[in-house]
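Visitor: I should like to examine this model before using it further. Would you show it to me and take my questions in turn?

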Amino acid sequence: MSKITWKSKRILTENGMVNGYITIEDGYIRDISDHCDGAYQDAGELGIYPGIIDIHNHGFGGWSMTDPCEDEDVRGYAKALASVGVTGILPTAKEDAFEAVARVMDQDYEGAAIYGIHSEGPFWARGGENTVGMSWPLPDVEETKRLTARAGGKMAMMAIAPELPGAYDVIRYLHAQGIKVACCHTAAHSQEIYDALEHVGFDIATHLGNGMQGIHHRDVGALGALLLSEGLYYEVITDLNHICADMLKIMFRLQPYEKFCLISDSNYIAGLPAGTYMRYGRKMFADEKGLILNSDGRICGSGKWVLYNIGQLVNHVGVPLEAALRMASINPARFLGIQEKTGSIRSGKRADLMFVDEQFVCHRTYVGGKIVFDRLTDTGERIFNPEAMKRRVENA
């Protein structure tokens, strides 16, 4: 039996912040209290918060889920994500990584728990962005069956442009298989969004505001229609590169915090030094603020992570700390249907926790009560993929 009690001035429970003690026993939260009769360890100025569940993440620390990969890449990825407080993840992968992700899900490994595979596409019709010379296949049920089979029954979510011919049939098939459907990279105008919601429905909007028609006073576009609809969750990237602070304020006025899931949309460059990297035969430019652009000048994912994005919300958008943390933990847990076992701090739940300072730096991460990251001992050489630096061709 393992048991440890921690003292912290800031423990975010389901009932709010507590200045007190949290006891972890055999992987679960046994008790949260304002007093302790036995031995304890003092977390000092570190807050103890629910671990982050990132449902849209392509890579981190040099580990990529959008390239062909082996089991060791997936394990490295899960370990690296723990360094930024992630305790649960949907690897947002291309199909060449599906089989490795599915295998690792059945293995013992150290790092963020993998809750399934997220396939962003391949049925896209990007609108509202700087898209040059790119096209995607039309929705097809047989191709969808092939992709879900390659995922070994572990597909948790697929993102699709709902206005495309054949999209409704694919959405119906996915829902029949218990797979979440996201509205992604769409050229739809507002009425097409309303029609899709009425006829087949979808569950969440992919990185709200990005890869879609924005709000105009004669047609509120996909963004406006999504924000005016009920019964949806919304992925949102709050690094302040993808969406400005004022637009985030508008979003949060139109829909409650409980409907938003903070995501990173990070790729393998996140966590690596700024500079120019080669990716799919072309240059990608990453700066210190986490902005990643391809050679066409289009944003390609993020160089930051959800914990950083929480800090952006609190420090620059005025979102209360508790609300920002919940958008990264219990909200995605509810979306995935795992809220009874994880996503918040409550007696009886699994001890998926992050210890974080006031600058939003993670110092310790626990998954199921087991420490999977310790800032004192898990240095960069133990976390980041050394092969990734070979793709860096220029300094910042």
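The questions and answers below concern this predicted model.

Visitor: How many helices and strands does the protein chain have?
Guide: The model is predicted. The secondary structure of the protein chain combines both kinds of element, and the counts are eleven helices and 24 strands.

Visitor: What is the radius of gyration of the protein chain, and how does it relate to the globule rule?
Guide: For 396 residues the globule rule gives 21 Å. The chain comes close to that value, so it is as compact as a globular protein of that length. Along the principal axes, its C-alpha atoms fill a box of roughly 65 × 45 × 40 Å. The radius of gyration itself is 20 Å.

Visitor: Among contacts between residues at least 6 apart in sequence, what percentage join residues at least 24 apart?
Guide: Buried residues account for 57% of the 396 residues. For the contacts in question, the share that joins residues at least 24 apart is 69%.

Visitor: How far apart do the centres of the positive and negative side chains lie?
Guide: The protein chain carries 39 positive and 51 negative side chains. The distance between the centres of these two sets is 2 Å.

Visitor: Which residues of α7 are exposed on the face turned away from its buried side?
Guide: Helix α7 spans residues 245-254, and Ala245, Leu248, Met251 and Phe252 are buried there. These four cover an arc of only 115° around the axis, which puts them on the same side of α7. What covers them includes α6, β15, β16, α8 and α9. The face turned away carries the exposed residues Asp246 and Arg253.

Visitor: Is Ile330 buried or exposed?
Guide: Ile330 belongs to helix α10, residues 330-336. Leaving aside residues up to four places away in sequence, Ile330 touches Gln339, Thr342, Gly343, Ser344 and Lys349. Its relative accessible area is 8%, and buried means under 20%. Ile330 is therefore buried.

Visitor: Is Glu288 buried or exposed?
Guide: Glu288 sits in the loop between β18 (282-286) and β19 (291-294). Its relative accessible area is 61%, whereas the cut-off for exposed is over 50%. Glu288 is therefore exposed.

Visitor: Which residues does Glu288 touch, not counting those up to four places away in sequence?
Guide: The C-alpha atoms of Glu288 and Ala80, 208 residues apart along the chain, are separated by 19 Å. Contact means heavy atoms within 4.5 Å. By that criterion, the residues that Glu288 touches are Ala274 and Lys304.

Conventions
Residues are numbered from 1 along each chain as its sequence is written. This is a predicted model: local features need pLDDT of at least 70, side-chain atom pairs count only at pLDDT 80 or more; totals for chains, interfaces and linings use all residues. Side-chain values use heavy atoms; hydrogens and water are left out. Helices (H or I, at least four residues) and strands (E, at least two) are DSSP runs, numbered from the N terminus. The radius of gyration is taken over C-alpha atoms; the globule rule is 2.2 Å times the number of residues to the power 0.38. Buried means under 20% relative accessible area, exposed over 50%, partly exposed in between (1.4 Å probe, protein chains only). Lys and Arg count as positive and Asp and Glu as negative; His and the chain ends are not counted. The place of a charge is taken as NZ of Lys, CZ of Arg, CG of Asp or CD of Glu. The arc is that of the directions from the helix axis to the C-beta atoms.
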